[in-house]
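Open the model in your viewer and keep the sequence panel beside it. At each stop below, select the residues named and read what is there.

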Amino acid sequence: METNASNIPEPAETPEVLLVDDSELVHRLLAARLRQEDLELRCCFDGPAAIESAVEDPPALILLDLEMPEMDGFEVLRRLKDDARTRDVPVIVLSGLDGSDDKVTAFDLGAVDYITKPFALVELRVRVRSALRLNRLLQMLAQRAQVDGLSGLWNRTHFDESWNIAVEASARYERGLSLALFDLDHFKSINDTFGHPAGDAVIQGFAQLIQKVVRKSDLACRYGGEEFAVIMPETDPEEAARMCERVRQSLEEMTWRAHPERNVTVSIGIAGTATPIPLPATDWLERADKTLYDAKRGGRNRVEVTDLGGTVGISKAG
């Protein structure tokens, strides 16, 4: 069976632009002038709300006023660039300050452009288009560098970054989280017996299967060799186990072109919790890895689950 799968996210049909300005007039003006552009405008009127909005749902571009009460634009920009979740979001500064020192500071902090008020609206539209176009190109390059070439799934580098963020988000927003590790059983013998092209087809077919089963909010990665990982935000261990059991059963039932007489199975280890727990990302990963080892030691072709918040050792075997 020769398939290919990609879990590179498709670009949003309409990019979101976050406008941060304490002036209601500016919001109305830009909403009217940017209405014909291919974008959706989100609005925030102060720095703290803007940071929260950007972290929760990173936009494609931020238009940031410098002169705001409570927290000025420089501090907002500094915090955005210090946070891994918003560091790469381009920021265009909108300011009534025309001094060279302000411009230098804004660019040093990571702004991609600086527009002085009152601004020419035609020029603003052109600069917004340019920033969105550049951001999309940079995203494509970054994604390509973090995608596994054989399976089309995210690679280990992307997993490591995303896993740390997922654990932090689980603790911050008090949400559940589960991590599943998959190991294809006796994979070496498939390569040895039927050749590496057959092994590659198994990797590709399994990647496609995972992509069909997981939700859009889940993150599927090739962890290394014949190992895979799926990060499942807001998912308790029992929910994760049901999803993984569907993967296990579906894989066992698949027929392969190079070896139709031999099926392929997978061992799965899950570590998760329905409520946030004070466990570092590395320790959580170790618990998932140990649970995967228990699945393989228990006979393979099975799902083992560790509930980090309570019950330990839920299992489902093929």
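Select Phe-159, Trp-163, Tyr-223 and Trp-284: ring pairs link these residues into a cluster. The model is a predicted one, and the structure holds 5 aromatic pairs.

Now keep Phe-159 and Trp-163 and hide the rest of the cluster. Their rings form a stacked aromatic pair, with 6.4 Å from centre to centre and 5° between the planes. The angle counts as stacked because it is under 30 degrees. Colour helix α6, residues 156-172, and you will find both rings on it; Phe-159 and Trp-163 are 4 residues apart there, so about one helical turn separates them. Are these two residues buried or exposed? Phe-159 is buried, at 0% relative accessibility, and Trp-163 is buried too, with a relative accessible area of 3%.

Next, select Phe-182 and Phe-206. The centres of these rings lie 5.9 Å apart and the planes meet at 65°, so the pair is edge-to-face. Phe-182 sits in strand β6 (residues 177-184) and Phe-206 in helix α8 (residues 196-213), so the pair ties together parts that are 24 residues apart in sequence. Phe-182 has 1% relative accessibility and counts as buried; Phe-206, at 0%, counts as buried as well.

Go back to Tyr-223 and add Arg-156 to the selection. Arg-156 lies over the face of the Tyr-223 ring, 3.9 Å from the ring centre.

The next stops are salt bridges. How many salt bridges does the count come to? The count is 25.

Select Lys-117 and Asp-65. These residues form a salt bridge in which the closest N and O atoms are 3.1 Å apart. Lys-117 is in the loop between β5 (113-116) and α5 (121-145), while Asp-65 is in strand β3 (residues 61-65), so the bridge ties together parts that are 52 residues apart in sequence. Show the surface and compare the two ends: Lys-117 is partly exposed at 23% relative accessibility, whereas Asp-65 is buried at 2%.

Move on to Arg-175 and Glu-234. Here the closest N and O atoms of the salt bridge are 3.5 Å apart. Which parts of the chain does this pair tie together? Arg-175 lies in the loop between α6 and β6, and Glu-234 in the loop between β8 (227-233) and α9 (237-253), so the joined parts are 59 residues apart in sequence. Arg-175 is partly exposed, with a relative accessible area of 31%.

For a bridge within one helix, select Asp-294 and Lys-290, which both lie in α10 (residues 281-297). The two residues are 4 residues apart, about one turn of the helix. The closest N and O atoms of their salt bridge are 3.5 Å apart.

Then select Glu-16, Arg-42 and Asp-57 together. A network of salt bridges links these three residues.

For the last stop, turn the surface on again and select Leu-134, Leu-138 and Leu-141. They form a nonpolar patch on the surface, and together they have about 310 Å² of accessible area. Pick out Leu-138, which lies in helix α5. Leu-138 counts as partly exposed, at 47% relative accessibility.

Note on methods: Residues numbered from 1 in each chain as written. Predicted model: local features only at pLDDT ≥ 70, side-chain atom pairs only at ≥ 80, totals over all residues. Heavy atoms only, no water. Phe/Tyr/Trp six-rings, centres within 6.5 Å; stacked < 30°, edge-to-face > 60°. Buried < 20%, exposed > 50% of the residue type's maximum accessible area, 1.4 Å probe, protein only. Lys NZ or Arg CZ within 6 Å of the ring centre and 35° of its normal. Salt bridge = Lys/Arg side-chain N within 4 Å of Asp/Glu carboxyl O. Patch = residues over 30% accessible without salt bridge, like charges linked within 9 Å, V, L, I, M, F, W, Y side chains within 5 Å. Areas by Shrake-Rupley, 256 points an atom, 1.4 Å probe, with all protein chains shown as cover.
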